[in-house]
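Welcome, and please open your viewer. We will go from stop to stop, selecting a few residues each time and looking at what is there.

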Amino acid sequence: MTRPGWTEAVERTAGPRFRAIVGAVEIALRAGILRPGDRLPPQRDLADWLSLNIGTISRAYAEMQRTGLARGEVGRGTFLNPVQATDGPSSLRTPAPRPAFLDLSHNFPAHAMHHPALAAIRPCFEGGVDVDAMLSAQVDIGLGRHRDIAAHWLGRFGIEAQADDVLITCGGQHGLLLALMALTRPGEAVLTEEVTFYGLKSAAGMLGRSLVGVRMDREGLVPDHLDVVCRRTNAKVLFCTPTLHNPTTATMSAERRREVAEVCERHDVMIVEDDVYGFLPDPLLRPLAASAPDRVVHISSVSKLIGPGLRVGFMRVPRHLVYAFGIALRASTLMASPFTAEWATRLLASQQIDRVVADLRTETEARQALVASLMPEHAIMSHRNAFYFCLNLRNGWSAEAYRQAAEDIGVGVTPLSLFEVSSLHQNDSVRVCVNAAPDQASLREGLEKLAGLLVSGAPPTVRFRAAI
C-alpha cells in the first residue's frame, strides 16, 4: 500500500502523536484530500510509515471513533464520517468533568463557581405555589403577572414596557431563535457582528438564514461599514450585542449606539438587541430599545444573573410584532414553563435582587483583576464587568493549536473561529471564561498556565493551518 500524502502532516505537527494523527485526518477531510467513506490505512502500516508504536495508532483511531470522526467496521477497517460543523465548545456536548481539568471554554461548565448570592436567592424559591393554576395554564407569551414583573425589571434599564409588550421565553437562545423565525424568511440575509455568538450561528444555519458579518472595532459595530452592508445586501434585520459583546467584550458608547440606530432607521432595518449581560455594567448602559422602542426587539435572560438551569428569558417586542412572535413561540415550544417563570420573577421582584447583582459584579470584577495582573496587557481584550476575555495569541500560536496545548495542560479555552461569521477571518484568538472556575484560586492557577503557554511560544511546526 502506498503511503498517503496526508500522513506527512503528522510529522510536521508538534504535540502528542495520537492527537497529531487525528488533527491531520480532520484537516485532510475539511480540505477535500480525504472524503467521507474513505478507509483509513491499516494501523500496522501507519505505524511503520510514522515510526510509531501500534499503541499510539490504536489510541488515535479510538479517539476518532469516540468523537465521531471515523467508524470501525468489523473485518473491514476504519472509515471516515462527514465532518460535523462545530456549534459550541465540546464540553457543552460532553459535560462530564475530567479530573484536574479547569474548563474555561464556556460560561457555566459543570464545576463553575457557585453563585455569590446563593444564600439570597434560595429564599425566593421557597413558599407556596398554586400548582393547579400552573399546570392548567397555557398562555403562549406567558402569564400576565410574570410579564408584568418582567416589564418592571426592564424599566430599571430605561426600557418603557408594559405586560402586553413582553414575552416569556425559554432563555436568551430561545429569544434569538424566535426573532429569526418571526422577522426573517429562509434564504434571507441577516446582519450581525463579524464575530457573533455561536448560538445565533447555529439557529440561523438550522433555519436556512444567511448571516452577513459587519466589521467591528473596540466599540462593536462600525456604523460606516454597517451602512455599506445595508445598501449592498438590502437586509432588513440586524442582530447585535451592544453591551459586553460575546466574545470580544466590545461595548458601544452612547454615541456609537446613536449612530448604529440612525443607520438602521435610514435603511429600515429592524434591530434584535441581545442584552443578556446588560445588568452587569456599573453604571448601567442605556439599551438600544430604550431609545428606539419601535425598531428594537430586546432580548434578556436570567441565565447570567442566576444560572443556566433556570431557562427563562424576556423579550420586549414592538407592539405590532407581538402576534408574529406569538406564532413563533407556539411553533417552537408552545410556551415557556410557568413554573420556571414563577421562580425567576419571584427573584426579580424580591428585595434580594440588588444584592444578587452587586455580589455578582464584585466577584466578576475581582476575577477580571486577576486577568489584568497575570496576562500580558497587549494580549487581552477585556472589560471589568465581563464574564470572559479574549486572548490574542502571539509567538507562533494558532487558535486551534493553542486550544489543544492548553487542554493538554488541563485548561479549556475556545477558539474565536467558533464565533466567526466568515471562515475567511482565521482569527488567532481564544475566549477564556473567567467565571467558569469554581473559585479565584483555581482561576489564578489556570491563568498562570495560559500565560506561561503564551510566553513560551508555539513549537515551530505547531500551526495546523500549515500542516497540509
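One definition helps at every stop: buried means under 20% relative accessible area, exposed means over 50%, and partly exposed lies in between, with a 1.4 Å probe and protein chains only. Keep in mind that this is a predicted model, in which local features need pLDDT of at least 70 and side-chain atom pairs count only at pLDDT 80 or more, while totals for chains, interfaces and linings use all residues. Residues are numbered from 1 along each chain as its sequence is written, and side-chain values use heavy atoms, with hydrogens and water left out.

**Stop 1: aromatic rings**

Select W153 first. W153 is buried, with a relative accessible area of 8%. Now add F157, which is also buried, at 11%. A pair of aromatic rings is described by the distance of the centres and the angle of the planes. Here, rings of Phe, Tyr and Trp (its six-membered ring) pair if their centres lie within 6.5 Å; planes under 30 degrees apart count as stacked, over 60 as edge-to-face and the rest as tilted. How many aromatic pairs does the structure hold? There are six. In the pair of W153 and F157, the ring centres are 5.3 Å apart and the planes meet at 75°, so this pair is edge-to-face.

Next, select Y198 and F419. Their rings form a tilted pair, 5.4 Å from centre to centre with 50° between the planes. Y198 lies in helix α9 (residues 198-207) and F419 in the loop between β16 (414-415) and β17 (429-433), so the pair ties together parts that are 221 residues apart in sequence. The helix and strand names come from DSSP runs, numbered from the N terminus: helices are H or I with at least four residues, strands are E with at least two. Y198 counts as buried at 9% relative accessibility, and F419 counts as buried at 0%. Add F197 to the selection, and you have a cluster of F197, Y198 and F419 linked by ring pairs.

**Stop 2: charges over rings**

A charge sits over a ring if NZ of Lys or CZ of Arg is within 6 Å of the ring centre and within 35 degrees of the ring normal. Select R59 and F18: the charged end of R59 sits over the F18 ring, 3.8 Å from its centre. Then try R431 and Y388, where the charged end of R431 sits over the ring of Y388 at 5.9 Å from its centre.

**Stop 3: the sheet**

Stay with Y388, whose bridge partner in β17 is C433. Two strands pair if DSSP finds at least two bridges between them; β14 and β17 are joined by five, and they run antiparallel. Now show the strands around them. In what order do the four strands of the open sheet come? The order is β13-β14-β17-β16, with antiparallel pairing. β13 and β16 stand at the edges with a single partner strand each, so one side of each is left without a neighbour in the sheet.

**Stop 4: cysteines**

A disulfide is a pair of cysteine sulfur atoms within 2.5 Å. A search of the whole structure finds zero disulfides. Select C390: the nearest cysteine sulfur, that of C433, is 9.7 Å away. C390 is buried, at 0% relative accessibility. For contrast, pick C170, which is partly exposed at 22%.

**Stop 5: salt bridges**

A salt bridge is a side-chain nitrogen of Lys or Arg within 4 Å of a carboxyl oxygen of Asp or Glu. By this rule the structure has 24 salt bridges. Select R19 and D408, whose side chains meet in one of them, at 3.1 Å from N to O. R19 is in helix α2 (residues 17-31) and D408 in helix α16 (residues 399-408), so far along the chain that 389 residues separate them. D408 counts as partly exposed, at 37% relative accessibility. Add E400, R403 and E407 to see the network of salt bridges that links these three with R19 and D408.Another salt bridge joins E342 and R346, with the closest N and O atoms 3.1 Å apart. Both residues lie in helix α14 (residues 338-348), four residues apart, about one turn of the helix. Are E342 and R346 buried or exposed? Both are buried.

Finish with E365 and R384, a salt bridge whose closest N and O atoms are 2.8 Å apart. E365 is in helix α15 (residues 353-374), while R384 is in the loop between β13 (380-381) and β14 (388-392). E365 is partly exposed at 27% relative accessibility, and R384 is partly exposed at 43%. Among the buried residues of α15 are I353, L360, R367 and V371.
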